[in-house]
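I opened my notebook to look up how the strands, helices and empty spaces of this protein fit together. Follow along with the structure in view.

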Amino acid sequence: MVRVTGKATPLDILIEELDGSIWVAAMEKGRLEGLEVDPVDEEVRWGSVYWARVARIDTALDAAYVNIDGQNIGLLHNADVRKKQRDGTWKKGGDVAIGKVLKPGQMIAVQAKSGYLPRKGEDKPARSDDKNPRLTMNIVMPGRYLIYAPMEAEARVSQRIRDKKLRTQLLKMLASMPGCEGCILRAASANIQTDMLAREAKILRAMWDKVQAHFEGDDPALIMLGPDAIQRTLSDHAARQISRIELTTMDHFQMAEEWCDVFAPDLVPKVKPVEVPEPEKGFALFVFHDIIGQIEALFQPYEILKDGSTIIIQETAAATVIDVNSAGDTRGKLAINLDAAKAIARQIRLRNLGGAIIIDFLKMNGKDDEKKLLKELEAAFNNDPCTVQLHGMTKLGMVEATRQRRTPPLRDRYDSMAEEG
């Protein structure tokens, strides 16, 4: 075990359902810090594993369109291809054209790298990253502290752990643990006993054995559904202390307890069915905890910060543009920008924004202030379960970032449920 110092406020997890869609909120002292939603009409869930058929090769994209379940077509780029070698190892694609590795009609095992919702309105422009679910042949089994990557020979540490000293310590710990070959240590694993990690590695290997036993036949089919909103929330916040997991239905109790029983036995006693006033009404648990207003605020194109400054959020088909305004805030520009950086990282996470993100902060004086701002922004993004990359400041003083989201944006998920309703 590698111990990391520092304390964080415990979280409360609230599980709700509205018209068949599951909503899960992570709360810190009454403040919304995480929100996951599973729309009832989601056709492809992130992390789902399929036995699929290559439909056609697109030489221009150097990619394959793949029929994953008889209904949905996913896109597999050459870099996400994996080919088994004679010695049993797996080779990453990209060294030769995809058409020389895969052929139409060929059956392959793939995993969804992104979720997919059907677009019901022709007037809705599709973003470049959600026209088809993205696929990979590099299948992984996600757990609470580990991710088992059976096609990777070496164990490694999550890229989200940026501290070089900590990465070195974790790699040494991982190398000393038998049976963890191909495992990726998640950021939450730093303070975990090695016997717990070994236990989880064994569970994930057994899951993979069961899954690959179904890679047969000539018909595309879903083999394993990806993590649901409850599982994503609990694993994303595995590094945090969780005070309680509240829900109002026995279906949700069973879903949460089953996952905790396998991956988080310490959380089983914290799964609590609760009684709330008027449980038949929508979002009764969220209403009881008075968080509806915080959720509704996520659909506004702005966020008001303390002392009157604001951030304006504009989503387009090509990118998300965020503008920081001082408004009536009389503090210095650096102080406003530092507060805005924390708020922006939180809003991006809660709204589940992705792709290219451009942030126009208040213009500052000097490189030192810019370095302080980028450091603050990077620290704020460390709380994000998705991969966020900062690309620095442009000559115009704007910060460029990219975020690889797993599921469709919150607005798209909500809109799909509203259309269903």
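**Entry 1: what pairing means here.** Before I look at any bridge partners, I need one term: two strands pair if DSSP finds at least two bridges between them. Strands of a sheet pair through backbone hydrogen bonds, either parallel or antiparallel. I also note that this is a predicted model.

**Entry 2: strand β4 and its partners.** I started with β4, residues 49-58, and looked up its bridges to β9, residues 107-112. There are 5 of them, and the two strands run antiparallel. Which residue in β9 is the bridge partner of Ala 52? I found Ile 108 there.

Next I turned to β15, residues 221-224, which pairs with β4 over 3 bridges in the antiparallel sense. Here Val 49 of the one strand stands opposite Met 224 of the other.

Then came β5, residues 63-67, which is antiparallel to β4 and joined to it by 5 bridges. Ile 57 faces Ala 64 in β5. The hairpin of β4 and β5 has 4 residues between the strands, and Asp 62 takes a positive phi near 50° in this hairpin.

**Entry 3: a sheet of five strands.** I traced an open sheet of 5 strands with mixed pairing, and wrote down its order as β3-β2-β1-β16-β17. Why is one side of β3 and of β17 left without a neighbour in the sheet? Both stand at the edges with a single partner strand each, so that side stays free. From one strand to the next, the twist averages 20°.

Inside this sheet I checked β1 (residues 11-18) against β16 (residues 242-247). They run parallel and are joined by 4 bridges. Leu 14 stands opposite Glu 246 in β16.

**Entry 4: helices on that sheet.** Which strands does α3 touch as it packs on the sheet? I listed β1, β2, β3 and β16. The direction of α3 makes about 145° with that of β3.

Helix α4, residues 250-263, lies across β1, β2, β16 and β17. I noted its angle to β17 as about 170°.

**Entry 5: a ring pair in α4.** A pair of aromatic rings is described by the distance of the centres and the angle of the planes. A search of the whole structure finds 6 aromatic pairs. I looked at Trp 259 and Phe 263, whose ring centres are 5.4 Å apart. Why does this pair count as tilted? Its planes are at 35°, and the tilted class holds whatever is neither under 30 degrees (stacked) nor over 60 (edge-to-face). Trp 259 and Phe 263 are 4 residues apart in helix α4, so about one helical turn separates them.

**Entry 6: a sheet of six strands.** I then followed another open sheet, this one with 6 strands in the order β18-β19-β20-β21-β23-β22 and with mixed pairing. Its edge strands are β18 (302-304) and β22 (387-393), and each pairs on one side only. Ignoring direction, neighbouring strands of this sheet are turned by 20° against each other on average.

At one edge, β18 and β19 (residues 310-315) run antiparallel, with 3 bridges joining them. The bridge partner of Glu 303 in β19 is Ile 311. I also found helix α8, residues 367-381, lying across β21, β22 and β23. Its run makes about 175° with β22.

**Entry 7: the empty spaces.** Rolling a probe the size of a water molecule over the atoms shows where empty space is left. How many cavities of 30 Å³ or more does the structure hold? I counted 2.

The largest cavity has a volume of about 130 Å³. Of its 15 lining residues, Leu 35, Glu 36, Asp 236, Arg 349 and Pro 385 are the closest to its centre. The elements that give two or more residues to this lining are β3 (31-38), α3 (229-236) and α7 (333-351). The largest share, 4 residues, comes from β3. I sorted the lining by class and got 4 nonpolar, 4 polar and 7 charged residues.

The second largest cavity holds about 50 Å³ of space. Among the residues that line it are Leu 298, Phe 299, Glu 315 and Arg 351. By class, I wrote down 5 nonpolar, no polar and 3 charged residues for this lining.

Definitions and conventions. Residues are numbered from 1 along each chain as its sequence is written. This is a predicted model: local features need pLDDT of at least 70, side-chain atom pairs count only at pLDDT 80 or more; totals for chains, interfaces and linings use all residues. Side-chain values use heavy atoms; hydrogens and water are left out. On a 1 Å grid over the protein atoms alone, a cavity is a set of points where a 1.4 Å probe fits but cannot get out, and a pocket is an open set with protein on both sides within 12 Å along at least five of seven lines; lining residues have an atom within 4 Å of a point. Grid points are joined across faces, edges and corners, and a volume is the space filled by probe spheres set on the points. Ala, Val, Leu, Ile, Met, Phe, Trp, Tyr, Cys and Pro count as nonpolar, Asp, Glu, Lys and Arg as charged, and the others, Gly among them, as polar. Axes are lines fitted to C-alpha atoms, for helices over the stretch in contact, and angles run from 0 to 180 degrees between N-to-C directions. Contact means heavy atoms within 4.5 Å. Rings of Phe, Tyr and Trp (its six-membered ring) pair if their centres lie within 6.5 Å; planes under 30 degrees apart count as stacked, over 60 as edge-to-face and the rest as tilted.
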